[in-house]
Amino acid sequence: LWPASVLFGLCHLAGRDTIPLALWATGAGVIFGLLVRQTGGLAAPVTAHMAYDALALIYLQRRRSFEL
């Protein structure tokens, strides 16, 4: 579980500025991995990832609209 989670985090690393994101993604990778173990499939972690991405996008769009 940990090697895959660290790899997931490293896939989100794009330089020094994204180290916090990579650490966050590593933690998310652990959660997604636990979902795979619990459910025996990929549907739950893929759905969780999509939900997180959708919420993050909404947050960033709203944050940007307040800064303008």
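Student: By class, how many nonpolar, polar and charged residues does the lining of the second largest pocket have?
Tutor: Happy to start there, keeping in mind that this is a predicted model. The second largest pocket is lined by Leu1, Ala4, Ser5, Phe8, Gly29, Phe32, Gly33, Val36, Leu42, Pro45, Val46 and His49. Gly counts as polar in this scheme. Sorted by class, that lining has eight nonpolar, four polar and no charged residues.

Student: Which element gives the largest share of the lining of the second largest pocket?
Tutor: Three elements are worth weighing here, since helix 1, helix 2 and helix 3 each supply at least two residues of this lining. The pocket they help to line holds about 180 Å³ of space. The largest share, four residues, comes from helix 2.

Student: Val36 is in that lining, so is valine 36 buried, partly exposed or exposed?
Tutor: Valine 36 has its place in helix 2. Buried would require under 20% relative accessible area and exposed over 50%. Because valine 36 has a relative accessibility of 31%, the class it falls into is partly exposed.

Student: How much space lies in the largest pocket?
Tutor: Good one to take next. The lining of the largest pocket consists of Phe8, His12, Leu21, Trp24, Ala25, Gly27, Ala28, Ile31, Phe32, His49, Tyr52 and Asp53. Helix 2 and helix 3 (43-67) are the elements that give two or more residues to this lining. The space in this pocket is about 230 Å³.

Student: Which element gives the most to the lining of the largest pocket?
Tutor: By class, this lining has eight nonpolar, three polar and one charged residues. Seven of the lining residues come from a single element. That element is helix 2.

Student: Let's move to the surface: which helix gives the most to the nonpolar patch?
Tutor: The patch is formed by Trp2, Val6, Leu7, Leu10, Leu13, Ile19 and Leu23, with about 710 Å² of accessible area together. Two elements give two or more residues to this patch, namely helix 1 (2-11) and helix 2 (19-39). With four residues, the one that gives the most is helix 1.

Student: Is leucine 7 buried or exposed?
Tutor: Leucine 7 sits in helix 1, and Leu7 is one of the residues of the nonpolar patch. The cut-off for exposed is over 50% relative accessible area. Because leucine 7 has a relative accessible area of 52%, this residue is exposed.

Student: And what is the relative accessible area of leucine 23?
Tutor: Leucine 23 is found in helix 2, and Leu23 also belongs to the nonpolar patch. This leucine counts as exposed, because its relative accessible area is 60%.

Student: How far apart in space are leucine 23 and valine 36?
Tutor: Both residues are at home in helix 2, leucine 23 as well as valine 36. In sequence, leucine 23 and valine 36 are 13 residues apart. From C-alpha to C-alpha, their separation in space is 20 Å.

Student: What is the distance in space between valine 36 and leucine 13?
Tutor: Leu13 is another member of the nonpolar patch. Valine 36 and leucine 13 are 23 residues apart in sequence. Their C-alpha to C-alpha distance is 23 Å.

Definitions and conventions. Residues numbered from 1 in each chain as written. Predicted model: local features only at pLDDT ≥ 70, side-chain atom pairs only at ≥ 80, totals over all residues. Heavy atoms only, no water. Patch = residues over 30% accessible without salt bridge, like charges linked within 9 Å, V, L, I, M, F, W, Y side chains within 5 Å. Areas by Shrake-Rupley, 256 points an atom, 1.4 Å probe, with all protein chains shown as cover. Salt bridge = Lys/Arg side-chain N within 4 Å of Asp/Glu carboxyl O. Buried < 20%, exposed > 50% of the residue type's maximum accessible area, 1.4 Å probe, protein only. 1 Å grid on protein atoms, 1.4 Å probe; cavity = no way out; pocket = protein on both sides within 12 Å on 5 of 7 lines; lining within 4 Å. Points joined across faces, edges and corners; volume = space filled by probe spheres on them.
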